[in-house]
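Here are my notes on the model, set out as numbered points that can be followed with the structure open.

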Amino acid sequence: MSYWMATRSIAVKDLRSEARTREMTNAMLFFALLVLVLFSFSFQPATDEERRLASGILWIAFLFAGVSMLDRSFWRERMNECLEALRLTPTSASALLLGKCLANALFLLLAEAILVPLFLVFFDLSFRGAVSAWLLVLALGTWALVVNGTFFAAMTTNLRSRELLLPLLLLPVSVPALIAVVEATAASLLGEGALRVWIQVLIAFDVIYTTLALLLFETVLEGT
Amino acid sequence: MRAQGVLPRWWFGLVGATGIALILGVLHALWFAPTERTMGTVQRIFYYHVSSAWTAFVAFFINFLACLAYLKTRRPKWDAVAVSAAEVGVIFGTVNLITGPIWAKPVWGIWWTWDARLTSTLVMWLLYVSYLLLRQFAAEHPGQRVWAAAFGIFAFVDVPIVYLSIRLWRTQHPGPVIAGGEQSGIDPRMFLALHVCFAAFLLLFIVLFYWRYRLEQQRAELAELRARLQRLHMDRLA
């Protein structure tokens, strides 16, 4: 079985099992929605400076959604020693990680597709900049959260305090990506400011951490 | 089994040397170095502030090398080096982050600003606290050491990216700048004071690091002895 086929089957397996159980999407989506609603109670952006702040709220909602979802990614393999079985398949561990990352990125993008319109409605915002460039930011930012988050989820899944530990690991490592997505989102909302440089930062972040995660995943799985 | 756990003689010598160096550092920082013209006496905290930052960087760099060495060789001693360096590094980082605002309030008029250097130092400190938390949460778990080593590499790689992104972020709004002169030429007595303090902190780092490292080794030995005892009991029962 080729590397790509293995990756795809893992991703398809995760998508299928999620489509059947909806174990994580429903709760994650509702949670992120609550974050947006609660924040829109607390403030309504009127000036450009406040619109800039709103982009941070959007990404906080995505971040919470991502963390609560990624936490389940390996947890779902606990029954019947599924993770053991996956490791016994004649394919490299990095294919397992990549497949899971693809599935998780799809889940998160799906949630974001629902959350973004609601965000624009709740906060009375619209994109003054190019939407297509922002979609690239969204994809790159989502991947940045998902690749590190899935990697750390594999470590924390067997620990008692996994739900607490995952954000403790993911948040500090994601600081550069978060700065980049929040700034790029603000630039797109306001239609001014540097967008290109933040896309470059995101690409660099994604390339570096995807490489590291794929290289180290085999090692990390030994411990689980 | 050889009874270990006694710290070597050189270590006690080093403790003495560190004590002398720290006293020299106080004398230099508070007495020999001249008072800075615009900032006054409060500037003297600079000697401790900068020394602790440099020492923390050294510690985190050692942690990174030890993480790589552990993943390569899987020898527990590299893991012990990594955790000792990270713990002591976090202490020096804490000293740095506490002394900074004490100096900033009278000089800048604010305790804190989100400028590149401050923010990246804070994020670096957070990353290594996360590293220590991961170790604590995963204690007793067979994966603890490889996970910690992997996270150590993730954390170290992050530091330059954090610095870069925050510099990009804050270039439009530069924070208050040190009132000239610090980088562009420093009084030779100040230069000496800074380096005496840095040397003293490095010695203190070595003392604390080695102490912590021995503790880690002793813990491992204890765990092994306990496991043996357990096996002995099992054999007797069988």
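1. Which side chain meets that of Glu183(A) in a salt bridge? In this predicted model, the partner is Arg52(A), with N and O 3.7 Å apart. Glu183(A) belongs to helix α8 (residues 175-190) of chain A and Arg52(A) to helix α3 (residues 48-75) of chain A, so this pair ties together parts that lie 131 residues apart in sequence.

2. The two partners fall into separate burial classes. Glu183(A) has a relative accessibility of 17% and therefore counts as buried, the cut-off for that class being under 20%, whereas Arg52(A), at 28%, counts as partly exposed.

3. A further pair concerns helices α1 and α5 of chain A. The side chains of Lys100(A) and Asp14(A) form a salt bridge with an N to O distance of 2.9 Å; because Lys100(A) sits in helix α5 and Asp14(A) in helix α1, the bridge ties together parts 86 residues apart in sequence. Both Lys100(A) and Asp14(A) are buried.

4. Lys100(A) also forms a salt bridge with Glu77(A), where the closest N and O atoms are 2.7 Å apart. This pair links distant parts of the chain, since Lys100(A) is in helix α5 of chain A while Glu77(A) is in the loop between α3 and α4 (82-88) of chain A, 23 residues away. Glu77(A), like Lys100(A), is buried. Through shared partners, salt bridges join Lys13(A), Asp14(A), Glu77(A) and Lys100(A) into one network.

5. The packing of the two helices deserves its own point. Helix α1 (residues 3-21) and helix α5 (residues 93-122), both of chain A, pack at an angle of about 40 degrees, their axes being 8 Å apart, and that angle makes α1(A) oblique to α5(A). The crossing in which α1(A) passes α5(A) is right-handed.

6. As to which residues make this contact, α1(A) contributes ten-odd positions that are best read off the structure, among them Tyr3(A), Trp4(A), Ile10(A), Lys13(A), Asp14(A) and Glu18(A), while the α5(A) side includes Leu96(A), Lys100(A), Leu102(A), Leu106(A) and Phe107(A). The residues of the contact divide into 13 nonpolar, three polar and four charged. Lys100(A) and Asp14(A), listed here in the contact, are the pair whose side chains meet in the salt bridge of 2.9 Å.

7. For context, a search of the whole structure over all chains finds 16 salt bridges, and those discussed above include Glu183(A) with Arg52(A) and Lys100(A) with Glu77(A).

Definitions and conventions: Residues are numbered from 1 along each chain as its sequence is written. Chains are lettered from A and ligands numbered from 1 in the order in which they are written. This is a predicted model: local features need pLDDT of at least 70, side-chain atom pairs count only at pLDDT 80 or more; totals for chains, interfaces and linings use all residues. Side-chain values use heavy atoms; hydrogens and water are left out. Axes are lines fitted to C-alpha atoms, for helices over the stretch in contact, and angles run from 0 to 180 degrees between N-to-C directions. Helices (H or I, at least four residues) and strands (E, at least two) are DSSP runs, numbered from the N terminus. Angles under 35 degrees count as roughly parallel, over 145 as roughly antiparallel, 65 to 115 as roughly perpendicular and the rest as oblique. A crossing is left-handed if the near helix is turned anticlockwise from the far one by less than a right angle, and right-handed if clockwise. Contact means heavy atoms within 4.5 Å. Ala, Val, Leu, Ile, Met, Phe, Trp, Tyr, Cys and Pro count as nonpolar, Asp, Glu, Lys and Arg as charged, and the others, Gly among them, as polar. A salt bridge is a side-chain nitrogen of Lys or Arg within 4 Å of a carboxyl oxygen of Asp or Glu. Buried means under 20% relative accessible area, exposed over 50%, partly exposed in between (1.4 Å probe, protein chains only).
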